[in-house]
Amino acid sequence: WILMVISTATVLSLLGLSETFQTVKFRQGTRLMVAGEYLSAAEQFERTRPFFSRNLLVDQASTYHSLFEADGNSLWLEKASGALSVHLNNNPHDARAYGLLAQIERKRGDRDAAERALLKGLEVDPINHFSLYRALVELYRDQGKSDDLQHWAQKIKPLIEAYLGKLRVN
């Protein structure tokens, strides 16, 4: 019995150390991403993935997106899309992740998927994501969809007015 308690305590202690190590790697990855060292950041995030799946997947996708911007390799877009798909399966109410997915899909050339991601993000959070409205309006403008453009431009107008009102108060 005593041996079992000691063994359990040892295992729990090791798990605690492992989690602390993973926290350090996650923070290192975040610092590297901010510093623009995307490849090194991606390596750090890969090491921490099993421990921090919620926010990490969005950070990974963002890092992969930045790597694509840096070198143009479409493999990074595939990895980013995959990370976001896993994240959104587990966190379907993350409008910010839908916005990033829309950016990635647009760069992959799939404007329909980009539109679906933006509309889903706006469905999830129609008030707090001005950037999703803006991206949708830009997408429709680029595609020449004037009816859709007018519809969403009207929806965004009250948000702009509210935002400007808050700026005046502050």
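**Figure 1. Overview of the predicted chain and its contacts.** Of the contacts in the protein chain with a separation of 6 or more, 46% join residues 24 or more positions apart; a contact means heavy atoms within 4.5 Å. This is a predicted model, where local features need pLDDT of at least 70, side-chain atom pairs count only at pLDDT 80 or more, and totals for chains, interfaces and linings use all residues. Residues are numbered from 1 along each chain as its sequence is written, and side-chain values use heavy atoms, with hydrogens and water left out. The chain holds 8 helices and 0 strands. Helices (H or I, at least four residues) and strands (E, at least two) are DSSP runs, numbered from the N terminus. From that end, the order of elements is α-α-α-α-α-α-α-α. Of the 170 residues, 34% count as buried. Buried means under 20% relative accessible area, exposed means over 50%, and partly exposed lies in between (1.4 Å probe, protein chains only). The accessible surface of the chain is about 10,600 Å², and 56% of this belongs to carbon and sulfur atoms. Accessible areas come from the Shrake-Rupley method with a 1.4 Å probe; for residues, only the protein chains shown count as cover.

**Figure 2. A salt bridge between helix α3 and helix α5****.** Side chains of opposite charge can pair when their charged atoms come close. A salt bridge here is a side-chain nitrogen of Lys or Arg within 4 Å of a carboxyl oxygen of Asp or Glu. Glu69 pairs with Lys107, and their closest N and O atoms are 2.3 Å apart. The two residues are 38 residues apart and link distant parts of the chain: Glu69 sits in α3 (residues 53-71), Lys107 in α5 (residues 95-107). Glu69 is partly exposed, at 45% relative accessible area. Lys107 is also partly exposed, at 37%.

**Figure 3. A salt bridge within helix α6****.** Glu123 and Lys120 form this pair, with 3.3 Å between the closest N and O atoms. Why are Glu123 and Lys120 separated by about one helical turn? Because they are 3 residues apart in helix α6 (residues 111-124). Glu123 is exposed, with a relative accessible area of 59%. Lys120 is partly exposed, at 31%.

**Figure 4. More salt bridges****.** Arg141 forms a salt bridge with Asp142; their closest N and O atoms are 3.2 Å apart. Arg141 counts as exposed because its relative accessible area is 52%. Asp142 has 40%, so this residue is partly exposed. Elsewhere, Glu78, Glu105 and Arg108 are linked in a network of salt bridges. The whole structure contains 8 salt bridges.

**Figure 5. The largest pocket****.** A pocket is found on a 1 Å grid over the protein atoms alone, as an open set of points where a 1.4 Å probe fits, with protein on both sides within 12 Å along at least five of seven lines. This one holds about 280 Å³ of space. Its lining has 16 residues; closest to the centre are Gly99, Gln103, Ser131, Arg134 and Ala135. Lining residues have an atom within 4 Å of a point. Which helix gives the largest share of the lining? Helix α5 does, with 7 residues. Helices α5, α6 and α7 (130-143) each supply at least two residues.

**Figure 6. A nonpolar surface patch****.** Phe130, Ile160 and Leu164 make a patch of about 230 Å². Patch residues have over 30% relative accessible area and no salt bridge; nonpolar side chains (Val, Leu, Ile, Met, Phe, Trp, Tyr) are joined within 5 Å. Leu164 lies in helix α8 (residues 146-169). With 38% relative accessibility, Leu164 is partly exposed.

Methods:
Patches are made of residues with over 30% relative accessible area and no salt bridge: like charges are joined within 9 Å, nonpolar side chains (Val, Leu, Ile, Met, Phe, Trp, Tyr) within 5 Å. Grid points are joined across faces, edges and corners, and a volume is the space filled by probe spheres set on the points.
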